[in-house]
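User: Could you take a close look at a single part of this model and walk me through it in one connected account? I would like the geometry and the burial discussed together.

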Amino acid sequence: MSAPLLEVSSTPVSAMSPDEHARLNHLLVQTAAADKHAFSALYDALAPTVYSVCLSVLRNPALAEEVAQDVFVEVWTSAAKFDPQRGNARSWVGRLAHGRAVDKLRSHVAAVHRDDRDALLTQATYTEPLEDEALGHVEAQRLRRAIGEIGEPHSTAVALAFFNGLTHAELAESTGVPLGTAKTRVRDGVKKLKAILGREGR
């Protein structure tokens with residue numbers, strides 16, 4: 001059965017009460033039983049959250065709406081995987097949204113023409129720990145390759161910083177980690193980049 005077609009909302013996300021969390025948990029469980037009415041109600045409640053998560057990662061409204069639609073298709077087809085004993089529906093759907101958005105960002109960056117990617121790297125606006133002369137003069141092609149070698153979660157953190165211009169706070173929000181963790185991932189990622197580039201330069 002295909003998921004009902006729904007319009008993505010960009011309404012601001014608001015806080016939820018325990019009763020609302022319980023209601024959403026029930027709706028997600030009912031969605032697993034192919035209840036279209038439950039799915040529609042779940043969508044109405046969580047569309048703003050999904051769109052917000054996607055937009056925070058992609059920073060592109062059109063791409064965020066596209067990914068949000070994909071997220072709700074996945075919710076419809078994968079709702080049976082949700083376990084209300086291990087978490088709440090909002091967090092579960094939010095993690096799906098974040099994963100989809102990061103995957104979309106990676107594929108979008110990979111699809112950009114080589115010259116455009118060079119320009120993105122050259123003009124990157126992320127200047128907190130990455131404003132570093134040791135990296136600032138590295139050839140874009142070498143830098144892209146090195147970012148791919150540093151491993152997760154550091155490669156994602158550094159790539160989001162370079163390609164999407166995220167600040168520490170935005171990076172923390174988009175990846176769902178504390179601010180300190182986001183800073184550490186970028187800092188450690190930059191250290192690994194320097195080590196890789198240093199070996200290549202020998």
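Analyst: In this predicted model, I begin with two phenylalanines, since Phe39 and Phe72 are both buried. The model holds four aromatic pairs. One of them joins these two residues: the ring centres of Phe39 and Phe72 lie 6.4 Å apart with their planes at 80°, and the pair is therefore edge-to-face, given that ring centres must lie within 6.5 Å to pair and that planes over 60 degrees apart count as edge-to-face. This contact links distant parts of the chain, with Phe39 in helix α2 (residues 36–58) and Phe72 in helix α3 (residues 61–78), 33 residues apart. Ring pairs also extend the picture beyond these two residues, linking Phe39, Tyr43, Phe72 and Trp76 into a cluster.

Turning to the helix that carries Phe72, α3 has 18 residues and spans 25 Å from its first C-alpha to its last, which is close to the 26 Å expected at 1.5 Å a residue. At its N-terminal end α3 is capped by Asn60, a side-chain oxygen of which lies 3.0 Å from the backbone nitrogen of Ala62. The buried residues of α3 include Leu63, Ala64, Val67, Ala68, Val71, Phe72, Val75 and Trp76, and Glu74 and Ser78 are buried in this helix as well. As background to such a list, residues three or four places apart in an α-helix point the same way, because there are 3.6 residues a turn. Within the ring cluster, Phe72 and Trp76 are both among the buried residues of α3.

How values were computed:
Residues numbered from 1 in each chain as written. Predicted model: local features only at pLDDT ≥ 70, side-chain atom pairs only at ≥ 80, totals over all residues. Heavy atoms only, no water. Phe/Tyr/Trp six-rings, centres within 6.5 Å; stacked < 30°, edge-to-face > 60°. Helix = DSSP H or I, 4+ residues; strand = E, 2+ residues; numbered from the N terminus. Buried < 20%, exposed > 50% of the residue type's maximum accessible area, 1.4 Å probe, protein only. Expected span 1.5 Å × (residues − 1). Polar contact = N/O pair within 3.5 Å; in protein donor to acceptor, adjacent residues only side chain to side chain.
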